[in-house]
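Thanks, everyone, for making the time this morning. I would like to walk you slowly through one structure that is probably new to most of you, so please have a look at it on the screen before I begin.

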Amino acid sequence: MDRLTYSPTEAAQVLGVSRPTIYTLIKRADFPAFKVGTRTLVSVEGLREWVKAQAEGDAVG
């Protein structure tokens with residue numbers, strides 16, 4: 001089964017950024033992170049779409 005989410009640490013590794021940077025991004029409304037109980041998760045598909053939007057200059061903020 002394919003993964004649907006990353007932990008913040010995994011998302012940081014995938015993007016090649018630091019954990020503090022991921023936690024800053026998680027606070028953005030356009031970043032594909034959400035809570036499940038006390039855990040923060042990042043959507044794999046949402047992250048792909050977010051990166052594509054950033055690369056195309058469609059970012060809001």
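Let me start with one residue, Leu25, which, if we leave aside its neighbours within four places in sequence, is in contact with Leu15, Phe31 and Trp50. Please keep in mind throughout that what you see is a predicted model.

Leu25 also belongs to the largest nonpolar core, which has 11 residues, including Phe31 and Trp50 as well as Tyr6, Ile22 and Val42. Three helices, α1 (8-15), α2 (19-26) and α3 (44-56), each supply at least two residues of this core.

Now to how two of these helices are arranged. In general, two packed helices are described by the angle between their axes and the distance between the axes. For α1 and α3, the angle is about 40°, and the axes are 12 Å apart. Since angles under 35 degrees would count as roughly parallel and those from 65 to 115 as roughly perpendicular, α1 and α3 are therefore oblique to each other. The crossing in which α1 passes α3 is right-handed, and the contact is made by Ala11, Val14 and Leu15 on the α1 side, with Leu47, Trp50 and Val51 on the α3 side. What kinds of residues make up this contact of α1 with α3? They divide into six nonpolar, no polar and no charged.

Finally, let me turn to Pro20, which is found in helix α2. Is Pro20 buried or exposed? With a relative accessible area of 58%, Pro20 is exposed. Its C-alpha atom is separated by 9.6 Å from that of Thr9, a residue 11 residues apart from Pro20 along the chain.

Definitions and conventions:
Residues are numbered from 1 along each chain as its sequence is written. This is a predicted model: local features need pLDDT of at least 70, side-chain atom pairs count only at pLDDT 80 or more; totals for chains, interfaces and linings use all residues. Side-chain values use heavy atoms; hydrogens and water are left out. A nonpolar core is a set of buried Ala, Val, Leu, Ile, Met, Phe, Trp, Tyr and Cys residues joined through side-chain atoms within 4.5 Å. Buried means under 20% relative accessible area, exposed over 50%, partly exposed in between (1.4 Å probe, protein chains only). Helices (H or I, at least four residues) and strands (E, at least two) are DSSP runs, numbered from the N terminus. Contact means heavy atoms within 4.5 Å. Axes are lines fitted to C-alpha atoms, for helices over the stretch in contact, and angles run from 0 to 180 degrees between N-to-C directions. Angles under 35 degrees count as roughly parallel, over 145 as roughly antiparallel, 65 to 115 as roughly perpendicular and the rest as oblique. A crossing is left-handed if the near helix is turned anticlockwise from the far one by less than a right angle, and right-handed if clockwise. Ala, Val, Leu, Ile, Met, Phe, Trp, Tyr, Cys and Pro count as nonpolar, Asp, Glu, Lys and Arg as charged, and the others, Gly among them, as polar.
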